[in-house]
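User: I am new to this structure and would like the terms explained along with the values. Please show it and start with one pair of residues.

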Amino acid sequence: MSIKKYLPLFSLVLLVAGCDNCNNKNVKIAKWATATDGATLACGSTINAQLAFNDGEEKIDSVVYAFDRERKMASSILTEAFKISTETLNPGVYNLTATIYKSDKKEVHSAAITLVSDIKPELIEKKIGAVFPHNTKNFTEGFFILNDMVYESTGMNGTSYTCRYKLGNVAEEKLTTLPNEYFGEGSICYDNKLIQLTWKNGIGLIYDATTLKKIGEFRIGGEGWGLTYNGSQLIMSDGTHRLFFMNKETYAVEKIVEVYDNIGRVVNLNELEYVDGIIYANIWMKDEIVKIDAKNGKILSYINCEGLLTSAEIEKYQCDVLNGIAYDSKTKKLYITGKNWPKIFELISN
Ligand SMILES: [Ca+2]
C-alpha cells in the first residue's frame, strides 16, 4: 500500500515581516528564540513563543503577541514566553506575530505555524462485497444514491450530463444535459433540487428535481470538484485540501475545513460522500479513499483500494481514475466506482 504523505508547503518558513517605523532598518531589536519559527505541531500542543533580544535591546517597552489567522484570540503583552494552547483549534496554518515596542521603535516579527492532526490514521485494506455493472460511457464526477436510485453526473466538454439508474442496471435515464462549454463535476440532490457543479466555468447549476428544469445557478469562487450534503449544508471540494461548507439556500461559503493527517495537509480531495459525521473522499489520481472527521478535517483512516480493476478491463474500456463514492442510507451500504469503469463495487467499511 502506498500512502504518500504530503509535506506542508509553507509550514517551515519564518516570515519576518520587517520593521515599521524603525530608526535603523539594518539593526533588529530581536529574533525568534524558540522553535516558534516555522513550527509544525500536532493539534493540542502548546506553542511556546519567545523572542531573543539583541545586546543592548533588553530594555524594551513591551511586546504584543497576537495569534490566529482570524485574529479572534486575545493578544497578550509579555516580555517572556507567550504560551498558546491549541486544544480547541483545527488543523491549518496559523499566523503568530510579535510586535516589539521600544521608545520610538516598532518591530514586527511574524511566523506561520502549522497545526497537523493529532490522530495517526488507521491504514485499512479494502473489503469488497457485491459487484455491479457500470456504464463505461460515464466519465463519473458525481455519484450518490437517493430513494433506491443511483444518481451520477459526468464530465468533459460535450459529454456532461446527469442520469439515474437502478443499481445492477446500466440502462440509465438521462436527467439533464450541460451545454458543450460546461465541464460537469460533482452533484447532489436535496430539497427537490438537483445540483451539478462545473469544473472551471465558475458556476453551479440548480435544477428542479421533479421537472428537471433549470431554476438557477450560483457562483463558485474557484474550481468545482466533488459535492455532498450533510443535511443542512452542501460540502464542496476544489482539488485542494479544503472543504467548503455552503449554505443550502444562498450557496455562500459558511465554513472551510482544512484536511490534514498527522504529517500535513492532504490535497486532491475529489468526489465526496457525507455519512454520519464522516466525509469519505477519494484522492484524485490514487486508488485511495480517506475518512475525514467532518468537524475538524482530521483524517481518521486511509482505505487502500488498489487492484479493483484488471489491466485487461482498464485497457478495454480506457478506464480513468477511481472517482465516486455513494452511500445508500436505507441499506447502509457504500459503493464506489470510477471514470469509465465497467463496475461498481460495494465497499465494506467499518
Ligand atoms: Ca458522492
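Analyst: I235 stands opposite F245 in strand 23. The model is a predicted one, in which local features need a pLDDT of at least 70 and side-chain atom pairs count only at pLDDT 80 or more, while totals for chains, interfaces and linings use all residues. Residues are numbered from 1 along each chain as its sequence is written.

User: What makes strand 22 and strand 23 partners?

Analyst: Two strands pair if DSSP finds at least two bridges between them, and strands themselves are DSSP runs (E, at least two residues; helices are H or I, at least four), numbered from the N terminus. Strand 22 (residues 233-237) and strand 23 (residues 242-247) are joined by five bridges and run antiparallel, so the definition of pairing is met. Four residues lie between the strands of this hairpin, and among them G239 takes a positive phi near 90°.

User: How do you know that strand 23 also pairs with strand 24?

Analyst: Five bridges link strand 23 to strand 24 (residues 253-258), again in the antiparallel sense. R242 stands opposite E258 in strand 24. The hairpin they form has five residues between the strands, and Y251 in the turn has a positive phi of about 65°.

User: Why does strand 21 have one side without a neighbour in the sheet?

Analyst: The open sheet has four strands in the order 21-22-23-24, with antiparallel pairing. Strand 21 (227-229) and strand 24 stand at the edges with a single partner strand each, so one side of each has no neighbour in the sheet. From one strand to the next the twist averages 25°.

User: Why is W199 called buried?

Analyst: A residue is buried if 20 or more other C-beta atoms lie within 10 Å of its own, exposed if 12 or fewer, and partly exposed in between, with C-beta atoms placed from the backbone. W199 has 21 other C-beta atoms within 10 Å, so W199 counts as buried. W199 lies in the loop between strand 18 (193-198) and strand 19 (203-208).

User: What does W199 touch?

Analyst: Contact requires the C-beta atoms of two residues, placed from the backbone, to lie within 7 Å. Not counting residues up to four places away in sequence, W199 touches G155, F183, E185, E223 and G224.

User: What makes a set of residues a nonpolar core?

Analyst: The members are buried Ala, Val, Leu, Ile, Met, Phe, Trp, Tyr and Cys residues joined through C-beta atoms within 7 Å. The largest such core has 72 residues, and I113, V259, I279, A281, V290 and A326 touch the most other members. Strand 10 (residues 105-116) gives the most to this core, with five residues. Leaving aside neighbours within four places in sequence, the contacts of A281 include L269, L272, I289, V290 and I292.

User: How far can the model be trusted, and where is the pLDDT below 50?

Analyst: pLDDT is the predictor's confidence in each residue, from 0 to 100. The chain averages 89, and 87% of the residues score at least 70. Over residues 1-23 the pLDDT is below 50, though this stretch has 50 contacts in the model beyond near neighbours in sequence. Where pLDDT is low, the predicted coordinates should not be read in detail.

Key
Axes are lines fitted to C-alpha atoms, for helices over the stretch in contact, and angles run from 0 to 180 degrees between N-to-C directions.
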